[in-house]
Amino acid sequence: MNKTTKRRAAILSLAIAAALMSAGATRAATFAYDPGVPLNLMEAPATAPAPAPAPAPDGIAALKVTIEAVTGNVQVRGNEDQPWQAAKVGMVVDQGAEFRTGPRSSVRCSIPPDQSFTLDRLGTMKVLQALRDGNKLKTDMVMKYGRTKYSVEAAGLEHEGTIASPSGTLAVRGTVVALYDQPPFVPQAISYTGPARFRDAHRQVNVGSKGGGKEVLVGR
């Protein structure tokens with residue numbers, strides 16, 4: 001290739017490079033001044049913007065347990081893995097909390113909006129579950145031994161409450177009841193103001209009636 005040919009090839013290469021640079025600049029300028037077009041159509045964002053979180057659906061809410069009164073030696077713990085501590089008026093615990101009382105002792109607690117219970121002397125009781133789902137309240141308590149009085153007011157809400165002991169289970173719906181299970185004494189289920197149902201390994205018996213007075217069921 002002679003000098004003239006080399007010169008022509010170099011001039012042609014420079015012209016092509018200049019044209020390409022001019023086209024790139026024009027394209028960049030077009031993208032810069034057109035807000036409706038992405039700056040680089042070939043490079044999408046690595047991650048798309050996260051959508052706004054949807055509102056959480058209405059679900060089941062756990063209820064709190066508040067200590068209203070303490071007499072004598074009463075202890076409480078949040079769950080079986082936690083140490084016992086002295087119960088004090090105003091303490092608020094979650095479902096799963098356990099209470100125990102000494103001689104001549106008792107503790108009264110409330111579960112808003114309309115439930116309360118009292119554990120009398122020499123008793124151990126656990127609030128296994130306390131939930132609200134809309135207008136329905138579900139409360140389950142397990143008493144290892146002792147006497148627990150449980151009050152439920154049914155106005156405007158549906159209740160499913162139980163007190164279980166080694167001798168049986170007392171089901172509660174809008175009434176005031178008590179379950180007594182303290183060996184070597186015979187267990188008793190008591191309804192003060194309304195219907196309840198006691199169930200053990202041998203039978204299922206209704207206790208009390210709507211509008212009725214105190215009724216005592218003596219276990220076997």
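**Entry 1: F117 and its surroundings**

I began with F117 and listed its contacts, leaving aside neighbours within four places in sequence: V65, F99, V107, R108, C109, I111, M125, V127, M141, T148, K149 and Y150. I note here that the model is predicted.

I then asked which residues have the most contacts inside the largest nonpolar core. They are V65, F99, F117 and Y150, in a core of 34 residues. V65, F99 and Y150 also appear in the contact list of F117. I looked up the contribution of strands to this core and found that β10, residues 136-152, gives the most, with five residues. For context, I recorded that nonpolar side chains in soluble globular proteins tend to be buried together.

**Entry 2: R108**

I next followed R108, one of the residues in contact with F117. R108 has its place in strand β7, which spans residues 106-111. Is R108 buried or exposed? I recorded it as partly exposed, because its relative accessible area is 41%, and the class between buried and exposed runs from 20% to 50%.

Not counting residues up to four places away in sequence, I found R108 touching T66, I67, E68, A69, F117 and T118. I also checked R108 against V89, 19 residues away along the chain, and read a C-alpha separation of 9.2 Å.

**Entry 3: Pairing of β3**

I turned to strand β3, residues 74-77, and looked for its partners. With β6, residues 98-101, β3 pairs in the antiparallel sense over four bridges. In this pairing I located V74 opposite T101 of β6.

With β4, residues 85-86, I found that β3 also runs antiparallel, and that two bridges join the strands. Here Q75 stands opposite A86 of β4.

**Entry 4: The largest pocket**

I looked up the largest pocket and noted about 200 Å³ of space in it. Which of its 14 lining residues are the closest to the centre? I recorded G161, A171, V172, R173 and R197.

I then assigned the lining to strands. At least two residues each come from β10, β11 (158-165), β12 (168-172), β15 (196-199) and β16 (204-207). Of the contributions to this lining, that of β11 is the most, at three residues. I sorted the lining by class and obtained five nonpolar, four polar and five charged residues.

**Entry 5: Cis peptide bonds**

I searched the backbone for cis peptide bonds. One joins P112 and P113, with omega about 10°. I placed P113 in the loop between β7 and β8, the latter being residues 115-119.

Another cis bond joins P183 and P184, where omega is also about 10°. P184 lies in the loop between β13 (176-181) and β14 (188-191).

**Entry 6: Positive phi values**

I checked for positive phi in residues other than glycine. R104 has such a value, near 50°, and I found R104 in the loop between β6 and β7. I classed R104 as exposed because its relative accessible area of 72% is over the 50% cut-off.

L122 likewise has a positive phi, near 50°. Where does L122 lie? I located L122 in the loop between β8 and β9, the latter spanning residues 124-133. L122 is partly exposed, since its relative accessible area is 42%, which falls between the 20% and 50% limits.

Technical notes
Residues numbered from 1 in each chain as written. Predicted model: local features only at pLDDT ≥ 70, side-chain atom pairs only at ≥ 80, totals over all residues. Heavy atoms only, no water. Pairing = 2+ DSSP bridges. Core = buried A, V, L, I, M, F, W, Y, C linked by side-chain atoms within 4.5 Å. Buried < 20%, exposed > 50% of the residue type's maximum accessible area, 1.4 Å probe, protein only. Contact = heavy atoms within 4.5 Å. 1 Å grid on protein atoms, 1.4 Å probe; cavity = no way out; pocket = protein on both sides within 12 Å on 5 of 7 lines; lining within 4 Å. Points joined across faces, edges and corners; volume = space filled by probe spheres on them. Nonpolar A, V, L, I, M, F, W, Y, C, P; charged D, E, K, R; others polar.
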